[in-house]
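Please prepare a short briefing on the structure shown below. It should suit a first-year student and be grouped by topic.

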Amino acid sequence: MTSTTTNPPEAAGPGTAAAANDRRRWFALAIVMTAAFMDLVDVTIVNVAIPSIQKDTGATFASIQWITAGYALAFAAGLITGGRLGDIHGRKRLFLIGMTGFTIASALCGFAANPEMLVASRILQGGMASLMVPQVLSIIHATFPAEERGKVFGMFGAVIGLGAVSGPILGALLTEWNLFGLEWRPIFLINLPVGVAGLILGAKFISESKAPKALKLDLVGVALVTLGLLMLLYPLTRGRELGWPLWGHLSMAGSLVVFGALVVYEKYKAAKDGSPLVELSLFRVKSFAAGIAVQMTFGIAMGIFFLVWTLYMQIGLGWSALRAGLTGIPFSIAMSAAAGMSVQSLVPKFGRKVLQAGALITALGLLIYIWEARHYGMDIAPWQMALPLVVLGIGMGLIVAPLTDAVLSEVPQEHAGSASGLINTVQQMGNALGLGLVSVVFFGAISDNLQLAEIGPAFSHAFQRSLWVVTAVCVVIFIGMFLLPAKPKQHLEGGADAAPSDDVAKEPALSS
């Protein structure tokens, strides 16, 4: 986030207080990594429990979409603001506030009495995560000297990869075990002991740091971004359920006016005090502008795929949460392995061709999945899904890890923090938009009032239709990548370069 661009006194160099308090800073690292792990697991854990939530609460499909999209929207809208609040008021303080709110929101989710309360609690949870998560990399940056950050960020990436693999499995186990008769609720309540422990230990071991010259908050920019997204996503999500009313079309059209007003205001804000929410000058860099579009499009594809995949397996095929969760293991392992290889060895040699290969391999995996779903029908088995899931995991892994660095490659170092925060925000917005589009591409293919025997075939057909849409999106991503640098520049460790690591580490959480 923006906070990663600063170099507070704590990060002045080796041999400082940070080195002297070696044991203390490693405790701090474990605490912030646990918080990042909580956030990632909480995103991935929900998908596998969606059918159980729907059955227990009677939630409509629109509510189900908002349980996931509401979190993503609140998280996206608050990311940049959360980073700047940490710069201004202290990263430790904002981290602890965010973790407190995240823990409380998790309790509210776990004890939600109805779908409306669950959606509201998830939105609160996403908002609190947007205060907590931007501080994680900032605290690491402020705590560890430059020569150690490569090792620390490598450890951070490993933890994130573990979260991507363990989230669906943990969600499936907690749902299947039905602890104390609570059914799906433990997927949220598990955050309570972790959050309380994190608060106690974080207050003791994390050192406070602030930016010496923090930017002011752009509250009008935040309001315009949030309003524009709501005007676009709410009617998109509820449209089918409400019969696509006129006000919905007007609202979606009006969102373009709001985003236009945002651009005008951000230009004014930049000229006035140099602290806009969105640094519009970044879009003069062709590779960055193209990369933002690719990042948004990739987020849309991921938002659609992961939700319809869950609905297909658990409602369409009637699989248990555990069976669905275990089915995804080949995907998670393949994605983690490909992500590591792409950053360490492939991209330095082949540049953007690796990302483009990832887009084509992802499309291939989707086509194999479409063929299998059609060929095997309702008799498809988890082992038969392993091939397309491995191919999909390799393709996505080749994209998610190096994409941010490629987008930031030609951005001036003084803007690296702002650019990386904007990339993360746009990716989350794309994810929320993709979740909203599920109403159109998936539920739009399903008739109302289906008979029991018709549900499976209808969901299978809707799943295949959705994958065709995601395949087309992958082709668009492949074409857009021609505007990225042929070979991304290598960022030096320390200073502004820490910002890309933030997004590289975070990406696998959004595709889970």
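How much space lies in the second largest pocket? About 430 Å³ of space lies there. This is a predicted model, in which local features need pLDDT of at least 70, side-chain atom pairs count only at pLDDT 80 or more, and totals for chains, interfaces and linings use all residues. Residues are numbered from 1 along each chain as its sequence is written, and side-chain values use heavy atoms, with hydrogens and water left out.

**The second largest pocket**
- A pocket is an open set of points on a 1 Å grid over the protein atoms alone, where a 1.4 Å probe fits, with protein on both sides within 12 Å along at least five of seven lines; lining residues have an atom within 4 Å of a point.
- The lining has 23 residues, and Phe-259, Leu-262, Met-296, Val-426 and Met-429 lie nearest the centre of the pocket.
- H16 contributes the most to this lining, namely six residues.

**Helix H3**
- Helices are DSSP runs (H or I, at least four residues), numbered from the N terminus.
- H3 covers residues 61-89, and a kink of about 45° is centred on Leu-79 (the angle between axes fitted to the seven residues ending there and the seven starting there).
- Because 26 of the 29 residues of H3 are buried (under 20% relative accessible area, 1.4 Å probe, protein chains only), H3 is largely enclosed by the rest of the structure.
- Gly-90, just after H3, has a positive phi of about 110°.

**Asp-39**
- Asp-39 belongs to helix H2 (residues 22-57), and at 0% relative accessibility Asp-39 counts as buried.

How values were computed:
Helix = DSSP H or I, 4+ residues; strand = E, 2+ residues; numbered from the N terminus. Expected span 1.5 Å × (residues − 1). Buried < 20%, exposed > 50% of the residue type's maximum accessible area, 1.4 Å probe, protein only. Points joined across faces, edges and corners; volume = space filled by probe spheres on them.
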